[in-house]
Amino acid sequence: YNAAISACELAGEHGQSKLLLEAAISRDAFPTLWKGGMLDLHDLPAPVARTAVRLALDDMVRRPDERRFHDTEGGGDFLIITGRGKHSEGGAAVLRPAILAMFRDE
């Protein structure tokens, strides 16, 4: 799924990348993505992480029954975990700058 979602994301096909991620989630391909109010992007390529953030934010508005991104425990905060880049090439953070750029640019 990572390759297909990344290809769509990089081509600007955000709707298609979200559909692919929805399919992957329904097949439990990303079991640790959502942890009770936290969207954990560890181990995801940056394009897939951007798609996950878009999907989670969309779900908070749409509130679909089949996914629970909108259920934060006790109505609390929504946290996006990007990690520090320890496992990235050169040990530099990749996800945090990518997600911040997405928020800034979209």
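The exchange below goes through some terms used for this predicted model.

Me: Why is helix 3 called oblique to helix 4?
Reply: Helix 3, residues 46–62, and helix 4, residues 95–105, pack at an angle of about 50°, with their axes 9 Å apart. Angles under 35 degrees count as roughly parallel and those of 65 to 115 as roughly perpendicular, whereas the rest, short of the range over 145, count as oblique; therefore helix 3 is oblique to helix 4. As for its hand, the crossing of helix 3 and helix 4 is right-handed.

Me: What makes strand 1 and strand 3 the edge strands?
Reply: The open sheet has three strands in the order 1-2-3, with mixed pairing. Strand 1 (34–35) and strand 3 (79–81) each pair on one side only, and they are the edge strands.

Me: How do you know that strand 2 and strand 3 pair?
Reply: Two strands pair if there are at least two bridges between them, and strand 2, residues 38–40, is joined to strand 3 over three bridges in the parallel sense, so the criterion is met. Within this pairing, Asp 40 stands opposite Ile 81 in strand 3.

Me: What makes up the lining of the largest pocket, by class?
Reply: The largest pocket, with a volume of about 190 Å³, is lined by residues including His 42, Asp 43, Leu 44, Arg 84, Lys 86, Val 94 and Leu 95. Because Val and Leu count as nonpolar, Asp, Lys and Arg as charged, and residues such as Gly as polar, the lining divides into three nonpolar, six polar and three charged residues.

Terms used:
Residues numbered from 1 in each chain as written. Predicted model: local features only at pLDDT ≥ 70, side-chain atom pairs only at ≥ 80, totals over all residues. Heavy atoms only, no water. 1 Å grid on protein atoms, 1.4 Å probe; cavity = no way out; pocket = protein on both sides within 12 Å on 5 of 7 lines; lining within 4 Å. Points joined across faces, edges and corners; volume = space filled by probe spheres on them. Helix = DSSP H or I, 4+ residues; strand = E, 2+ residues; numbered from the N terminus. Axes fitted to C-alpha atoms, helices over the stretch in contact; angles between N-to-C directions. Left-handed = near helix turned anticlockwise from the far one by under 90°.
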